[in-house]
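Here's a quick walk through a two-chain model, going from single residues up to helix packing and the chain contact. Keep the viewer open while you read.

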Amino acid sequence: MLLRIIPASMIVRRPHRMIERHIVAYKRQWLIVVSGFFEPLFYLISMRAGLSDLVGKVSMAGKQVSYEAFVAPALMASSAMNGAIFDSTGNVLHRMKYARIYDAALATPMSPADVAVGEIGWALLRGQLYACSFLGVMAALGLVDSWWSLLALPACALVGLTFASIGFASTTYMRGWTDMEIVTTAMMPLALFSATFFPISAYGSWSWLVQISPLYHGVVLVRAANAGVWEASLLGHIAVLVGLALIAIVIAARRLDILLRK
Amino acid sequence: MTATPGAFRVASWHLTAYRRFWRMNLLSSLVQPMLYLLGLGVGVGSLVDRNVGSADVLGSVSYVAFVAPGLLITTAMALGAGESMWPVMGSLTWQRGYHGIAATELEARDIVLGHCTWMAIRCGIAASAVALALSCFSETRSWGLIPGVLVAILVGLSFAMPIMAFAITAKYDGAFAGVQRFLIIPLFLFGGAFYPLSQLPTVVQWIAKVFPLWHGVVIARDFSFGDVDWVGVAGHSAYIAVWIVAGIWVAIRRLRGKLYP
């Protein structure tokens with residue numbers, strides 16, 4: 001009965017086939033995957049070596065902490081965003097329009113929803129790889145307080161899920177490579193103004209504007225995990241991210257159906 | 001048209017292709033530095049300027065004023081580098097525009113010098129856009145932005161030409177992500193744009209000084225603060241010029257090898 005209500009394109013049965021394909025494809029290009037880890041690492045080291053002295057102490061969760069301790073969780077969240085977005089926009093665009101991998105996938109028993117979920121799952125897996133290694137570096141630099149910090153990993157997974165879904169959905173509207181410029185321009189304010197590099201108090205009466213950024217909610221979650229401070233308001237932040245992800249996944253599957261089954 | 005030197009004819013080929021997407025391009029080269037300035041300059045600046053000890057390190061200027069010239073130069077670096085990787089490989093192996101040019105009376109030297117001319121124009125446009133954004137704020141507004149744009153063009157070329165030489169012989173485009181991640185981004189972060197190089201360990205300082213970025217940032221900063229050491233400017237510019245000339249020379253040789261095997 002349920003199968004009658006949901007359109008065939010929305011049924012998800014074998015998304016893991018998509019992930020399997022990427023693992024095989026990236027076996028020969030593992031260096032590209034590994035090198036993605038260094039970007040947030042360079043940012044963190046640069047902040048620690050150069051800016052930390054200039055900035056001095058910053059107050060976070062009622063404590064005075066060093067600038068790198070303030071920035072590190074935010075960098076972790078924004079690198080989860082970066083990874084998810086680039087995997088789900090540039091790479092997906094290439095696979096959809098130029099390499100035509102999805103046409104090939106749909107010639108098999110896979111549904112458009114399989115493709116969408118599989119792609120988002122792959123972006124998530126890759127993001128988790130970076131998040132784990134970044135957390136390891138943070139621990140090595142003495143920026144991790146307690147075992148609660150491990151919860152930063154699922155928080156990053158949620159950030160990755162939300163942005164991979166949004167990225168995938170918007171890629172289905174892209175005309176070509178030049179539209180990637182819109183993506184990079186749109187990501188920049190998110191990365192800069194999500195209470196990442198300076199506290200939300202710096203915005204004064206404009207702080208409501210920061211709340212619009214999905215990344216801000218992710219940054220709050222990762223910071224809370226890192227500091228081990230738990231509040232009921234965190235549930236609200238989680239709800240925002242999950243809600244956005246669900247909306248985006250539905251849009252993505254619908255659009256793929258239109259694009260690939262014409 | 002036949003009277004113009006080959007390099008300009010190649011540059012006009014680039015211009016024709018650029019006509020289709022310049023609007024979006026110009027918008028992002030205006031908006032992106034503006035956002036960086038607001039986020040890093042004003043936002044992080046409020047943290048930095050509040051800290052008493054920071055004034056000595058920055059030479060008693062505000063953090064926004066300190067970062068501004070760095071932003072001008074790094075923008076040109078990123079553009080020069082990015083536009084000399086995938087587009088060069090594309091013209092050589094995917095769309096084969098270079099083969100089309102080589103089929104006329106133009107040759108490898110014209111293609112390389114044409115790319116150089118085109119990059120100078122593009123870096124000039126992007127750096128002017130940044131300068132325009134910077135002149136919107138009283139703290140970063142200065143006449144030094146005008147020579148700063150010229151320095152930005154030089155630095156842009158000093159990355160564009162050697163990277164073009166690299167891109168001509170690169171086997172596959174995966175190598176470009178490596179250049180981006182292990183050269184351009186580290187230089188952006190550790191090249192003296194966001195804090196004085198003296199904050200870093202000596203070894204890192206020397207590595208940063210090998211590449212032309214830091215030299216450009218130093219001159220541009222001198223110009224925007226208004227205390228110019230002309231001998232220093234001459235020395236730094238000469239060093240940047242060496243990179244450009246060497247890049248052009250190697251690129252011409254390699255392109256000849258590729259086009260006429």
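R100(A) counts as exposed, because there are just 12 C-beta neighbours inside 10 Å, and the cut-off for that label is 12 or fewer. Bear in mind that this is a predicted model. R100(A) sits in the loop between α5 and α6 (101-106) of chain A. Its backbone is worth a look too: R100(A) is not a glycine, yet it has a positive phi of about 55°.

A195(A) pulls a similar trick, with a positive phi of about 60° despite not being a glycine. You'll find A195(A) in the loop between α9 and α10 of chain A. Is A195(A) buried or exposed? It has 22 other C-beta atoms within 10 Å, so A195(A) is buried; the threshold is 20 or more.

Two other residues of chain A deserve a stop. F198(A) lies in the loop between α9 (180-192) and α10 (207-212) of chain A, and L75(A) belongs to helix α5 (residues 67-98) of chain A. Here are the neighbour counts for the chain A residues discussed so far.

| Residue | Other C-beta atoms within 10 Å | Class |
|---|---|---|
| R100(A) | 12 | exposed |
| A195(A) | 22 | buried |
| L75(A) | 24 | buried |
| F198(A) | 25 | buried |

What does F198(A) touch, once its neighbours within four places in sequence are left aside? The partners are on chain B: G43(B), V44(B), S46(B) and L47(B). Within its own chain, F198(A) is 186 residues along from V12(A), and their C-alpha atoms are separated by 41 Å.

L75(A) has partners in chain A instead. Not counting residues up to four places away in sequence, it touches P40(A), Y43(A) and L44(A). Another pair to pull up is L75(A) and M187(A): they are 112 residues apart along the chain, with 14 Å between their C-alpha atoms.

Now zoom out to chain A as a whole. Its secondary structure comes to 12 helices and two strands, and in sequence order the pattern reads α-α-α-α-β-β-α-α-α-α-α-α-α-α. Along the principal axes, the C-alpha atoms fill a box of roughly 60 × 40 × 35 Å. For 262 residues, a compact globule would have a radius of gyration near 18 Å, so the 19 Å of chain A agrees with that expectation. Of those 262 residues, 45% count as buried. If you take the contacts in chain A with a separation of 6 or more, 80% of them are between residues 24 or more positions apart.

Next up is the contact between the chains. Chain B puts in 29 residues and chain A puts in 26. On the chain B side, α2 (22-50), α3 (54-58) and α9 (174-190) each supply at least two residues. Which of the helices gives the largest share? That's α2(B), with 13 residues. Sorted by class, the side of chain B that touches chain A has 17 nonpolar residues, 11 polar and one charged.

Inside chain B, have a look at helix α5 (residues 86-94), where V88(B), M89(B), S91(B) and L92(B) are buried. These four cover an arc of only 160° around the axis, so they end up on the same side of α5(B). As a rule, an α-helix has 3.6 residues a turn, so residues three or four places apart point the same way. The buried residues of α5(B) pack against α6 (97-102), α8 and α12 (230-259) of chain B. Just after α5(B) comes R96(B), with a positive phi of about 60°.

Finally, helix α8 (residues 145-169) of chain B has a partner in helix α11 (residues 212-225) of chain B: their axes come within 9 Å and cross at roughly 175°. That angle is over 145°, the cut-off used here, and α8(B) and α11(B) are therefore roughly antiparallel to each other. On the α8(B) side, the contact is made by L145(B), P147(B), G148(B), V151(B), L154(B), V155(B) and S158(B). From α11(B) come P212(B), L213(B), G216(B), I219(B), A220(B), F223(B) and S224(B). The residues of this contact divide into 10 nonpolar and four polar, with no charged ones.

Conventions: Residues numbered from 1 in each chain as written. Chains lettered and ligands numbered in written order. Predicted model: local features only at pLDDT ≥ 70, side-chain atom pairs only at ≥ 80, totals over all residues. Axes fitted to C-alpha atoms, helices over the stretch in contact; angles between N-to-C directions. Parallel < 35°, antiparallel > 145°, perpendicular 65-115°, else oblique. Contact = placed C-beta atoms within 7 Å. Nonpolar A, V, L, I, M, F, W, Y, C, P; charged D, E, K, R; others polar. Rg over C-alpha atoms; globule rule 2.2 N^0.38 Å. Arc of directions from axis to C-beta.
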